[in-house]
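Biologist: I am new to this structure and would like a close look at one part of it. Could you take me through the surroundings of a single residue, and then set that beside a part of the surface?

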Amino acid sequence: MVFLSNTRVHTPSVSVLSDFKEITKMRLAISVVFSSVAGYFLGAEVIDFVTVLLLAIGGYLMVGASNAYNQILEKDLDALMDRTKNRPLPAGRMTVPTAFVIASTFTILGLIVLYIINPKTAMFGAISIFLYVSVYTPLKTKTPLSVFVGAFPGAIPFMLGWVAATDEFGIEPGTLFMIQFFWQFPHFWAIGWWLFDDYKKGGFFMLPTGKRDKGTVIQIILYTIWTILVSLIPVFGVTGKLFLTPLSGVLIFMLGMGMLYYALRLKRKRTSKAAKKLMFASVSYITLLQIIYVLDKFLREWI
């Protein structure tokens, strides 16, 4: 019998691909593309799969560019933290000029692709990358308000899909923006609590009080509740063409209660493990919420 070894063989091609995935944060970029496509499905009257493809490609390019610029700016700080010290730049496997070429090329191509969809989509994509790189990233070592600033570019993808589908910005994409905007506070504060010691090595201020204390966890709970409430607004028929049936509203409420459970659990436990579970619960919440929103729309149309 032959047993396969778990040892990875590092060929040059594998290393280059791995570093490319790392510098663009592929998993994060894919999750952002997922949000954008969900927003597109919600806004589109007729699905144009060419537009979906352009949105996915343009979205990935813009997120990849933002992440590459971010790692250039934080190269020395990343070298101080356990979770980031093996990234391509601090580990010395990639040079800053190479990363800059990747980031700049992705920015230009991303804007072109999004502009092909419509100018508004490209504009919001440009705003997102500017805020993330030029405002959010420098503030991370200066003030906990960086999370507030970072919530703006982070909330654009869900909204961006609707704008790509309709070439309009109104109450519908504004509501999608609000949902993902408020969701980011418990999500990133959970990460900040979980990785507090590592972030401290790099001098990052991620928690609202700067500490893993009662004040921080109370804010996590309050923003979790607010996220749930904002997510249910479309049930009441006050958000234009963006509508949610009561049954889907109940499902989202139940998801929200699950997320709130882990927020309250963090209040009781005050441990990194509890914060990590809240982080995963928040990811499940926003992902399943977007799926429910899309299924609700198409099921109403089919029925």
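Modeller: In this predicted model, once the neighbours within four places in sequence are left aside, Asn-118 is in contact with Val-163, Ala-164 and Asp-167. Asn-118 itself sits in the loop between α5, which covers residues 96-117, and α6, which covers residues 119-139. With a relative accessible area of 5%, Asn-118 counts as buried, because that value falls under the 20% cut-off. The side chain of Asn-118 also makes a polar contact, at 2.7 Å, with the side chain of Thr-121.

For the surface, we can turn to a nonpolar patch made up of Phe-34, Leu-288, Ile-291, Leu-295, Leu-299, Trp-302 and Ile-303, which together have about 770 Å² of accessible area. The element that gives the most to this patch is helix α12, spanning residues 272-302, with 5 residues. One of the patch residues, Leu-299, is found in helix α12, and with a relative accessible area of 42% Leu-299 is partly exposed, because this value lies between the 20% and 50% cut-offs.

As for how far the model can be trusted, the protein averages a pLDDT of 92, and 95% of the residues score at least 70. Over residues 1-11, however, the pLDDT is below 50, and this stretch has 1 contact in the model beyond near neighbours in sequence. Where pLDDT is low, the predicted coordinates should not be read in detail.

How values were computed: Residues are numbered from 1 along each chain as its sequence is written. This is a predicted model: local features need pLDDT of at least 70, side-chain atom pairs count only at pLDDT 80 or more; totals for chains, interfaces and linings use all residues. Side-chain values use heavy atoms; hydrogens and water are left out. Patches are made of residues with over 30% relative accessible area and no salt bridge: like charges are joined within 9 Å, nonpolar side chains (Val, Leu, Ile, Met, Phe, Trp, Tyr) within 5 Å. Accessible areas come from the Shrake-Rupley method with a 1.4 Å probe; for residues, only the protein chains shown count as cover. A salt bridge is a side-chain nitrogen of Lys or Arg within 4 Å of a carboxyl oxygen of Asp or Glu. Helices (H or I, at least four residues) and strands (E, at least two) are DSSP runs, numbered from the N terminus. Buried means under 20% relative accessible area, exposed over 50%, partly exposed in between (1.4 Å probe, protein chains only). A polar contact is a pair of N or O atoms within 3.5 Å; within protein, one must be able to donate a hydrogen and the other to accept it, and residues adjacent in sequence count only if both atoms are side-chain atoms. Contact means heavy atoms within 4.5 Å. pLDDT is the predictor's confidence in each residue, from 0 to 100.
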